[in-house]
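Reader: I would like to learn how to read side-chain contacts in a model, beginning with the aromatic rings and then moving on to the charged groups. Could you take me through them step by step?

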Amino acid sequence: MSFHTPHRTGGFLGRFAKIEPGETGAVVASFLLYFCVLGGYFAVRPVRETVGTLLGDERVRDLFVWTWVYAIAIVPLYGWLCSRFRRQALLPWTYGFIVLSFLTCGFVFMQEGDEHIATGTFFYVFISVLNLFIISLMWSFLLELFTSTQTKRLFGVIAAGGTSGALAGPWITGRVVEWIGNEGILFMGAAMFFVAIVCQRILIGIWSRAEWASTGQAAIERERPLGGNPFAGIFLVLKSPYLLGIATFVILLAAVNTFLYFEQLRLVSERFSDSAERTRVFSNIDFTVQSLTLGLQLFATGRLASRWGIGVLLTAVPILMMLGLGVLAAANTFAVFVVIIVLRRVTEYSFVRPGREMLFSRVDTETKYKAKNFIDVPVYRGGDALVAQVTGGFQSAGISAAAVGAAVAAAWAVNGWWLASRKEHKVAEQQSSAS
């Protein structure tokens, strides 16, 4: 690979990751792309959470099921798009659709208000399906660009670009929501995704020049659509124990997150009455999370993965959540919840998310795009939907959802350890066959 940017930028980034000569341009472009994607999403995320509190627990549980249904429906559509269109064109068109959708929702909120049930329902499901899809697609694109060795060194600092955006988005939202309203926040999110389109086009240009400079045939192959069956992602997962293990990891992750999410809805609804105030509370939590995450991603993620392997990234968070949910079961207060939710999200973004992406670094291109998206979207949302319904049953029976979540987190830790072992075994096998 041969990427070129000014030495000053490379020197700055080199403080946080081991960037080899020629890699700086791709790292900078990827950093900025992820900044805009997560910046746009996290700017509007507090609005979604506020809409959830206005809709109420019972309706939100049903919306988790509908989110899962639409997540399943998007799989064949996405598979068809990958089969028919070039990956270089798919990403900017996807972001363009996000821009149009945010603008439309913003104008509807201006007319109907954020308490309108039909509008709020559509917006909640739309954002819940879309957020996993766009992030999964972006990581698939980056996994195709960087080699497995590069992902260990560089994905930490690239992920920090997303964290920086996720830091900027809620920080701005918390300070302007009372002036411009929730609809204005959606317009701001649309603007950030428009900038993401520009960043992605720049990255494609860098990518194309580098590939033509080294292996022209590889660039030609990447220009072509993937082809194949739109449902191929489902079949790839079902026939691979390794991919089934990743799917199980995602389900357990979603289960723990969902237990905490419904605690969040209940505690925030009880403590804060005004919708703008709730949006500001959610944005402040997001800002705190992303501030702490940024430091870990810049200084810890890449170093831990390079020295100790991805096992530490995949098991540390489940163990922490097992302990944290146990504390929450014993002392269910807003202050305790805030500490645990911040801890969970900081460590998930810093360790679990990069670790999950590294699991796909040595699979084929079709698996990176189709199987990975199937796991990241409908499988994840299926775990959400199942646990959302189960949580209601626990509440009715007087069983602590936090205590059950602690047990789930223990199984999550075991699964993460197994996946890390399989990943290292696959790497050893590929290196042995290559030599």
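Reader: Which residues form one aromatic cluster?

Author: Please keep in mind that this is a predicted model. The cluster is formed by Phe64, Tyr261 and Phe262. Within it, Phe64 and Phe262 make a tilted aromatic pair, with 5.3 Å from centre to centre and 45° between the planes. Phe64 belongs to helix α3 (residues 57-84) and Phe262 to helix α9 (residues 241-271), and the pair thereby links distant parts of the chain, 198 residues apart. Phe64 counts as buried at 9% relative accessibility, and Phe262 is buried as well, with a relative accessible area of 0%.

Reader: How many aromatic pairs does the count come to, and what makes a pair edge-to-face?

Author: Planes over 60 degrees apart count as edge-to-face. The count comes to 12 aromatic pairs. One of them joins Tyr41 and Phe42, whose ring centres are 5.1 Å apart and whose planes stand at 75°, so this pair is edge-to-face. Tyr41 is buried, with a relative accessible area of 4%, and Phe42 is buried too, at 3%.

Reader: Where do charged groups lie over rings, as with Arg48 and Lys372?

Author: Arg48 lies over the face of Tyr124, at 5.5 Å from the ring centre, while the charged end of Lys372 sits over the ring of Phe360, 5.7 Å from its centre.

Reader: How many salt bridges does a search of the whole structure find, and which residues are linked in a network?

Author: The search finds six salt bridges, and a network of such bridges links Arg45, Arg48, Glu49, Asp286 and Arg345. In that network, Glu49 forms a salt bridge with Arg45, where the closest N and O atoms are 3.7 Å apart, and another with Arg48, at 3.1 Å from N to O. Because Glu49 and Arg45 are four residues apart in helix α2 (residues 24-55), about one helical turn separates them. Glu49 is buried, with a relative accessible area of 2%, Arg45 is likewise buried, and Arg48 counts as buried at 6% relative accessibility.

Reader: Is Glu178, which meets Arg280 in a salt bridge, buried or exposed?

Author: Glu178 counts as exposed, at 55% relative accessibility, whereas Arg280 counts as partly exposed, at 27%. Their side chains meet at 2.4 Å, N to O. Glu178 lies in helix α6 (residues 148-214) and Arg280 in helix α10 (residues 275-308), so this salt bridge ties together parts that are 102 residues apart in sequence.

Terms used: Residues numbered from 1 in each chain as written. Predicted model: local features only at pLDDT ≥ 70, side-chain atom pairs only at ≥ 80, totals over all residues. Heavy atoms only, no water. Phe/Tyr/Trp six-rings, centres within 6.5 Å; stacked < 30°, edge-to-face > 60°. Buried < 20%, exposed > 50% of the residue type's maximum accessible area, 1.4 Å probe, protein only. Helix = DSSP H or I, 4+ residues; strand = E, 2+ residues; numbered from the N terminus. Lys NZ or Arg CZ within 6 Å of the ring centre and 35° of its normal. Salt bridge = Lys/Arg side-chain N within 4 Å of Asp/Glu carboxyl O.
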